[in-house]
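Colleague: I would be grateful for a close look at a single part of this protein. Please choose the region around its largest cavity and describe the elements that surround it.

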Amino acid sequence: MAKDKLTAGEARRIALAAQGFGTPRPDGPVSKRQLLKLVDRLGVVQIDSVNVVSRTHYLPAFSRLGAYPRALLDDVAWGRKPALFEYWAHEASLLPLGLQPLFRWRMQDAHDGVGIWKGVARFRRERADFVERVLGEIATRGPMSASELEMGHKGNGGWWGWSDAKRAVEGLFWTGELTTATRRGTFERVYGLPEKVLPKAITALPTPPREEAQRELYRIAIRAMGMATAKDLRDYFRMPVEGAKTRLAELVEDGSLLPVTVQGWREAAYLDPAARRPRRIDAGALLSPFDNLIWFRERTERMFGIRYRIEIYTPAAKRTHGYYVLPFLEGDALTARVDLKADRKAGTLLVQASHAEPWASAETPVKLAAELKLMAGWLGLAGVRVENRGDLAAALAPLLPRREDDGGGGSARSDETEEAQDRRTGV
């Protein structure tokens, strides 16, 4: 059977529609049902503690649904009756509760020290008595944070200098013996026993065989991406290379994946048989650096023709586009990049730099300005201030005039201060 052939534009629009950009945003207030439907569509939402604009797990829903109440996500993730759970899926992630059994093979790998989990198993083996004490404390006293469990000493190496208690609870989180009960204060994870935190209907579900669970995760990934290469599919849930070819062949055989070729793509690809094939995408959205659409940089470059990198780890003098840069999705193209910072004390969304892609049009700054205003309001900020950095700044600034009470200098701390404060220490 001949492979279906797609143009690069068709492939891009299929992917955008699968990611939730193929339909207009809701006209009215966003409901819990709409938010959960989106998370189900995506399958996974990455968590990151960097709070320069907003913590990243809030942003994918804003990009697709508009100015929804962020407390809604807090409720479905960490409320009294959560519909999501945390685990290491695509990095630290929020996932629909029903996916928990599909990751038990990974939890078992962490317990056994398979692959990247060797350090977890080694610590558990070498500090077995200590780990059991930690488990006993949580079992007896209920959910606790690592800081409440400080029984050991901080180390200078190993797992980012974490205390022994932090290493223990994180290891137990990865093995599935603990889960996140809630988040507290400055995003501190509070750990609890799965059987006391997760619904019994979830913990009582049978554990599927590894191969079956992996096939289902690939099915979820292709539905979320619409079309993808083998590397794209593996990356979505960080699936192991070992066995990947066999799993994908099985999914082609049962009709879950349709092999396709895409004009200009060097690698073969797969299509979701149920994927929509829109002729046009009318999206307008700012994207988190960790958004599902662009988190795999190789795929982003292949689909959108831009080389995108997050530069928070790059020294300031060597940055090209800025510290925390959000691409702007306009239609079915990425047309601009803005380096944003929420100056919460001044009540201003700072556009520290703004750059246009070569194919940006005269409408790009107008549409981008509208999205920046929407984001500022969503974040509870009174306005937007555009700094004179980047080739788009001159066109963007007049569309976002400064407020009379805006002193212009702002009170934002330096990137380096934010970076030190928000470094990811076991999100």
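Modeller: The account below begins with the cavity, proceeds to the elements around it, and ends with a sheet elsewhere in the chain. Please bear in mind throughout that this is a predicted model.

The structure holds four cavities of 30 Å³ or more. In the largest of them, the space amounts to about 80 Å³. Its lining consists of 13 residues, and those nearest the centre of the cavity are V120, R124, A168, G171 and L172. Sorted by class, the lining comprises eight nonpolar, three polar and two charged residues. Three helices, α5 (104-112), α6 (118-126) and α8 (164-174), each contribute at least two residues to this lining.

Of these helices, α5 may be followed in further detail. Its buried residues are R104, W105, R106, M107, D109 and A110. These buried residues pack against α6 and α8, and also against strand β3, α10 (200-203) and α11 (210-225). Just after α5, the chain reaches G113, which takes a positive phi of about 75 degrees.

The contact with β3 leads to the next element. Strand β3 spans residues 84-89 and is mostly covered, with six of its six residues buried. The cover extends to both faces: L84, E86 and W88 are buried on one side, and F85, Y87 and A89 are buried on the other. Strand β3 runs antiparallel to strand β4 (residues 91-96), and six bridges join the two. Within this pairing, F85 of β3 has L95 as its bridge partner in β4. The connection between β3 and β4 is a hairpin through one residue.

Strand β4 also contains a backbone feature that deserves attention. E91 is placed in β4, and its phi is near 60 degrees, a positive value in a residue other than glycine. How buried or exposed is E91? E91 has a relative accessibility of 29% and therefore counts as partly exposed, since that class lies between the limits of 20% for buried and 50% for exposed. A second case is R238, which is not a glycine either and has a positive phi of about 50 degrees. R238 is found in the loop between α12 (230-236) and α13 (244-253). Because its relative accessibility is 27%, R238 likewise counts as partly exposed.

For comparison with the β3-β4 pair, a sheet later in the chain may be considered. Five strands form this open sheet in the order β11-β12-β13-β14-β15, with mixed pairing. Its edge strands are β11 (284-286) and β15 (383-386), each of which pairs on one side only. On average, neighbouring strands of the sheet are turned by 30 degrees against each other, direction ignored. Within the sheet, β12 (residues 325-330) and β13 (residues 333-343) run antiparallel and are joined by six bridges. In this pair, E330 stands opposite A333 of β13. Helix α15 (residues 364-378) lies across β11, β12, β13, β14 (348-356) and β15, and runs at about 120 degrees to β12.

To return to the part requested, the cavity lining draws at least two residues from each of α5, α6 and α8, and the buried residues of α5 pack against both of the other helices as well as β3.

Definitions and conventions: Residues are numbered from 1 along each chain as its sequence is written. This is a predicted model: local features need pLDDT of at least 70, side-chain atom pairs count only at pLDDT 80 or more; totals for chains, interfaces and linings use all residues. Side-chain values use heavy atoms; hydrogens and water are left out. Buried means under 20% relative accessible area, exposed over 50%, partly exposed in between (1.4 Å probe, protein chains only). Helices (H or I, at least four residues) and strands (E, at least two) are DSSP runs, numbered from the N terminus. Two strands pair if DSSP finds at least two bridges between them. On a 1 Å grid over the protein atoms alone, a cavity is a set of points where a 1.4 Å probe fits but cannot get out, and a pocket is an open set with protein on both sides within 12 Å along at least five of seven lines; lining residues have an atom within 4 Å of a point. Grid points are joined across faces, edges and corners, and a volume is the space filled by probe spheres set on the points. Ala, Val, Leu, Ile, Met, Phe, Trp, Tyr, Cys and Pro count as nonpolar, Asp, Glu, Lys and Arg as charged, and the others, Gly among them, as polar. Axes are lines fitted to C-alpha atoms, for helices over the stretch in contact, and angles run from 0 to 180 degrees between N-to-C directions. Contact means heavy atoms within 4.5 Å.
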